[in-house]
Amino acid sequence: MRQILIIIMKSVFLLLLFLSFQYILPFGLCAQETQYLKPNQLKKYAQIAAKSGDIYTAIDYYEEYNKVHPNNTKVHHELGNLYYRERNYEKAAEFLNKAFKGKRNKYVLDQYYYANCLKYMGRYDEVEQEFKIFLKYLKKDKLKQTYGRFASEHIKSLEKIPEIQSKTNDVIITHLSNDVNKPHIEFNPIPYNDDKLIYGSLKEDELKYYDPVNDELPVRQFYLAGYNNGQWQDLGTFDDVINGHGDYNTGNGSFSYDGKRFYFTRCEKYSPTRIVCQIYRSALMHNEWQEPQLLEEPVNIPHFTSTMPSLGVSEANTDVLYFVSDRPEGRGGMDLWYSIYDDRKGLFNKVKSCGRKVNTEGNEITPYYNIETRTLYFSSDYLPGLGGYDVFKAEGSGRRFEEPENLGASINSSYDELYYILTPSRQKGFFTSNRPGGNSIRHNTCCDDIYEFVYRDFINIMVTGQVFGITDSTFFKSIEAQYKEEFRLNLEQIENDKDAIELLYNHPVSLYMVDKNTKQELFIKNDSTSDGNYWFQLEPEREYIIKVEDFNREEKSLSFNTLGINRSDTIVLDAIIVNTIPKEPIIVKNIYYEFGMSKLTKVAEKTIDNTIYTLMKTYPSIIVEISSHTDSVSSEEFNIRLSQDRAQSVVNYLISKGIERERLVAKGYGESTPIAPNTNPDGTDNPEGRAMNRRTEFKIIGSVIDKSDIIYEE
């Protein structure tokens, strides 16, 4: 019977990078049936299975053949390379060493992988000697150019191992329960709310045989786990719309900074031996994820993989997409790339490399960008590490990053560490690893599991402050002069001037970090004073700047630092005052007209000079509506005409003072919008109410800086 066996492992380049999974050859036989095959049949089936990428079946057939012919060097070579792809480094080292010693000139690359196996197993004292033996026998030009350089880098990196091993923070690492970590690979943990975790998996508890013709093959999807009673428990699939219903593998996801967009990868077979992945995006609307859309070029390009998205944010509050690709412009293997979303065009801009400090001739994968610290975390198999893929961090953004730093032995081992990610608090997070001790089937380093970590010595530093705006109707007559240079407010000043200023809600505030070397101001993120205060989480030993814009896009900035802070604390900054204009109409007192007339009096002109005119000179880009209102005396038609004429008289006066006509709008409302009753409840006249209704107001309705940004309020 034709059967295939789902492979639970990932090879270094296929399953790891592309989310593919491999199958046992369609006509492969169960292990107990191998006893009926002749040695030549065993070798033939092994060769066919290996050619199709079916490493488990190939290993089983070659092992049976090796029992009969234990001195076949070519079979040792095949087994060594298959075990290496399986990440069974002990068995790989055994057969690779045999193959090289059997035919040193023919199987010289086996010596390279043998030395690499020793590094995986932490046998560092033997690694340098074995790489030097490899270099001694390396003669072919092509191999010498590439693998000779790789071997030399491995030897050089051995010097860094003591330093990396010494970097041991106080970290608690916990293997997630077997309810989450199954025998298959778990990958891409994504913190979701306070007690939820999204992750990728193929939910099979054991090896299973499938009929490729009649059976529906399982695929990798997103799952949800919840934290309950001290451990993580599986809660089933994450979202049917995201996972889809095709025969593709789904995984490698990341949320946008505001949580309203989810980017992820779908992978399909491109050829019998190649899988290609593409990045999709789904939007959250009415608390439901919408049908995913394939990202257009230049993110996804034909014939090449784009995968493993992670999201940053630009100064314009648009998505910055970091991702992994094997596109031809890279340095080699898989590289890290980025693209910034253009809100106006509705697409991502040109894709650019993250730079030579981050990307190497090896593979850089599983990026995670932390917005608050402007730090890119990723895994590399080429940068100096303990073995396999180590997790590194590099400060910066786009293509400008500092030299990557190995996270050290607190997180990294001599095996593969991938998908490092922090929770919002940054005190804890998750990663995956195939280190011994995980939930495995064939051998103890076959499969990646999810681990949780907590930094016990974590320093949590927060900064908070308030933003006030000038609200006095006389505006800049006194308050502006007082605070033009000194815009910080202490509590005593706030109390003294509480009638002239007010706390601003939903006002944007930006945080910048000062680069240690260049002193350049680096944008971190935006926040708003939604609760009357802004809040940012900070890093120790850093210099920062808070920036707040007023209506005219002029900035007030406040510098501070976290130097010398060695324990968790909250920095409370002085409040900032900005010249901001309330959105509500502002009543201008003492603008008088002759009874029933629209001509301004001298007193009215003086009032305009001290208020509206001063405002418009201070803010040369704003557009103002001048509105006039009447009480209910006379007819409605007369009042509309009178109020329009009065508003226009104010506009004409301001134009005569040099204010551009395009910045002024006259609007007469007549008696239609009273702010007080014209009559008392008993029907008698209410002179005070009528006086309040006879008023002139102004409000900001837009800006001439960018006409497309003008907002006209009803």
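This is a conversation between a trainee and a mentor about a predicted model of a protein chain.

Trainee: Let's start with the overall picture. How many helices and strands are there in the protein chain?

Mentor: The protein chain has 16 helices and 40 strands. Buried residues account for 54% of its 714 residues. Among contacts between residues at least 6 apart in sequence, 59% join residues at least 24 apart.

Trainee: What makes Cys 267 and Cys 277 a disulfide?

Mentor: Their sulfur atoms are 2.0 Å apart. The cut-off is 2.5 Å, so the pair counts as a disulfide. In general, a disulfide is a covalent bond between the sulfur atoms of two cysteines.

Trainee: Where in the chain do Cys 267 and Cys 277 sit?

Mentor: Cys 267 belongs to strand 9 (residues 261-271) and Cys 277 to strand 10 (residues 274-285), ten residues apart. Both cysteines are buried. The angle about the S-S bond is 110°, and the link is right-handed.

Trainee: How do you know that Cys 446 and Cys 447 form a disulfide too?

Mentor: We use the same test. Cys 446 and Cys 447 have an S to S distance of 2.2 Å, which is within 2.5 Å, so they are counted as a disulfide. This link is left-handed, with -90° about the S-S bond, and both of its cysteines are buried. The count comes to two disulfides, and they follow the pattern 1-2, 3-4 when bonded cysteines are counted along the chain.

Trainee: Why is Cys 354 called buried?

Mentor: Cys 354 has a relative accessible area of 2%, and buried means under 20%, so the word applies. Cys 117, with a relative accessible area of 0%, is buried because that value is also under 20%.

Trainee: Let's turn to charged side chains. Why is the pair Lys 156 and Glu 153 called a salt bridge?

Mentor: Their N to O distance is 3.5 Å, and the cut-off is 4 Å, so the pair qualifies. Lys 156 and Glu 153 both lie in helix 8 (residues 141-157), three residues apart, about one turn of the helix.

Trainee: Why is Glu 153 called partly exposed?

Mentor: Glu 153 has a relative accessible area of 27%, which falls between 20% and 50%, so it is partly exposed. Asp 258, at 32%, gets that label because its value also falls between 20% and 50%. The side chain of Asp 258 meets that of Arg 261 in a salt bridge, at 3.2 Å from N to O.

Trainee: What makes Lys 547 and Glu 555 a salt bridge?

Mentor: The N to O distance of Lys 547 and Glu 555 is 3.7 Å, which is within 4 Å, so they pass the test. Lys 547 counts as buried because its relative accessibility of 12% is under 20%. Glu 555 counts as partly exposed because its 43% lies between 20% and 50%. Elsewhere, Glu 63, Lys 91, Glu 94 and Lys 98 are joined into one network by salt bridges that share partners. A search of the whole structure finds 27 salt bridges.

Trainee: How do you know that the buried residues of helix 7 line one face?

Mentor: The buried residues of helix 7 (residues 124-137) are Tyr 124, Val 127, Glu 130, Phe 131 and Phe 134. Seen down the helix axis, they fall within an arc of 105°, so they line one face of helix 7. The face turned away from that buried side carries the exposed residues Asp 125, Gln 129 and Lys 136.

Trainee: What makes helix 3 mostly covered?

Mentor: Ten of the 14 residues of helix 3 are buried. They include Ile 55, Tyr 62 and Asn 66. Among the elements covering them are helix 2 (39-51), helix 4 (73-86) and helix 5 (89-102). Helix 3 (residues 55-68) reaches 20 Å from its first C-alpha to its last, close to the 20 Å expected at 1.5 Å a residue.

Trainee: Which residues touch the most other members of the largest nonpolar core?

Mentor: Tyr 84, Phe 378 and Phe 401 do, in a core of 76 residues. Helix 6 (residues 108-120) gives this core its largest share, eight residues. Leaving aside neighbours within four places in sequence, Phe 378 is in contact with residues including Leu 336, Val 358 and Phe 392. In soluble globular proteins, nonpolar side chains tend to be buried together.

Notes:
Residues are numbered from 1 along each chain as its sequence is written. This is a predicted model: local features need pLDDT of at least 70, side-chain atom pairs count only at pLDDT 80 or more; totals for chains, interfaces and linings use all residues. Side-chain values use heavy atoms; hydrogens and water are left out. Helices (H or I, at least four residues) and strands (E, at least two) are DSSP runs, numbered from the N terminus. Buried means under 20% relative accessible area, exposed over 50%, partly exposed in between (1.4 Å probe, protein chains only). A nonpolar core is a set of buried Ala, Val, Leu, Ile, Met, Phe, Trp, Tyr and Cys residues joined through side-chain atoms within 4.5 Å. Contact means heavy atoms within 4.5 Å. The arc is that of the directions from the helix axis to the C-beta atoms. The expected span of a helix is 1.5 Å times one less than its number of residues.
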